[in-house]
Amino acid sequence: MKTKITFLFSLFTLCTSAQEVQLHYDFSKTRNYLTGTFEVFKPDSAGSTFFFTDFNFGRQDGANLAYFEIARKFNIKNEIINGLNLHIEYNDGFVMTDDKSTSPSSPIGFPINRAYLAGFGFPIKIGNFTLHTSYLYKNIKGSSGIDGQFTAVFFQNLFKNKVTIRGFFDFWSQEIVLNSPDSNKKHMILLTEPQIMYNFTTKFSVGSEIEISNNFVPNKAFKIYPTLFAKYTL
């Protein structure tokens, strides 16, 4: 799920509006399908709005996943923390089986539990590098008790802007149903998707992304999935 990247990119381009399309080919043995991503970032005087949606084309008859996130940040003027903001967010989607032998007339699927997030964010300066962080309360449908999420996004241009390294890191808690004594207990979930790309123009780039996850549905284990992708900024 390619999230937060257009938002971060726009922070480094004088906060102009941005729209971006990515097409990924996942060449791991268990996936071997295309993922399409569309992202929109729009700043204004009060803060910014970010939206993205993913479609995984893992079935022979069409997409097997649709997922989206929409986030709004409100700037908080203060003299203590530079860049402090209020962050609110909504996540939702659904998954269908990616078993290509399954009959299209009898698909098997389930919703991705919707989530509401709220909290605060601010940048952390590390030398010449800036890490944009968010500290969020996360209300997940079907997960009891309190859950939280830490998010960090990063971006760096190299070689006169011909190469870009960027990505995000999410770490959150959630109940996961497991066939074990730990079933329905809280687990910590990791998801990070660093990207490296070569910028042929200011609009068109080609690169690779590595999805690294742990306890992330549907694989409740440590997984690494590489992709090749092309990106076009509208």
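**A walk through the predicted model**

The largest nonpolar core is made up of 11 residues in all, namely Ala115, Leu117, Leu136, Ile140, Val153, Phe168, Trp172, Ile176, Ile189, Leu191 and Phe216. A nonpolar core here is a set of buried Ala, Val, Leu, Ile, Met, Phe, Trp, Tyr and Cys residues joined through side-chain atoms within 4.5 Å, where buried means under 20% relative accessible area, exposed over 50% and partly exposed in between (1.4 Å probe, protein chains only). Two or more residues of this core are given by each of β6, β7 (129–140), β9 (163–176) and β10 (185–192), and β9 provides the largest share, three residues. A second, separate core has seven residues, including Phe41, Phe50, Leu65 and Val95. In soluble globular proteins, nonpolar side chains tend to be buried together.

This is a predicted model, in which local features need pLDDT of at least 70 and side-chain atom pairs count only at pLDDT 80 or more, while totals for chains, interfaces and linings use all residues. Residues are numbered from 1 along each chain as its sequence is written, and side-chain values use heavy atoms, with hydrogens and water left out. Helices (H or I, at least four residues) and strands (E, at least two) are DSSP runs, numbered from the N terminus.

From the core, Trp172 leads on to its surroundings: leaving aside neighbours within four places in sequence, Trp172 is in contact (heavy atoms within 4.5 Å) with Lys138, Ile140, Gly148, Gln149, His187, Met188, Ile189, Leu191 and Phe216. The charged end of Lys138 sits over the ring of Trp172, 4.1 Å from its centre, a description that requires NZ of Lys or CZ of Arg to be within 6 Å of the ring centre and within 35 degrees of the ring normal. Arg31 offers another such arrangement, with its charged end over the ring of Tyr225, 3.6 Å from the centre.

Lys138 also directs attention to Tyr90, for the C-alpha atoms of these two residues are separated by 9.6 Å although they stand 48 residues apart along the chain. Tyr90 lies in strand β5, and its side chain makes a polar contact of 3.2 Å with the side chain of Arg114; a polar contact is a pair of N or O atoms within 3.5 Å, and within protein one must be able to donate a hydrogen and the other to accept it, with residues adjacent in sequence counting only if both atoms are side-chain atoms.

The structure holds 13 aromatic pairs. Tyr90 and Tyr116 have ring centres 5.1 Å apart and planes at 45°, so this pair is tilted. Rings of Phe, Tyr and Trp (its six-membered ring) pair if their centres lie within 6.5 Å, and planes under 30 degrees apart count as stacked, over 60 as edge-to-face and the rest as tilted. Phe122, Tyr135, Phe150, Phe169 and Phe171 form one aromatic cluster.

How is Arg72 placed, buried or exposed? Arg72, in strand β4 (residues 65–75), is buried because its relative accessible area is 15%. Its side chain makes polar contacts with the side chains of Asp44, at 2.7 Å, and Thr49, at 2.8 Å.

Confidence is expressed as pLDDT, the predictor's confidence in each residue from 0 to 100; the chain averages 86, and 85% of the residues score at least 70. Within the chain, confidence is lowest in helix α1 (residues 5–11), at a mean of 49, and highest in strand β11 (residues 195–199), at 97.
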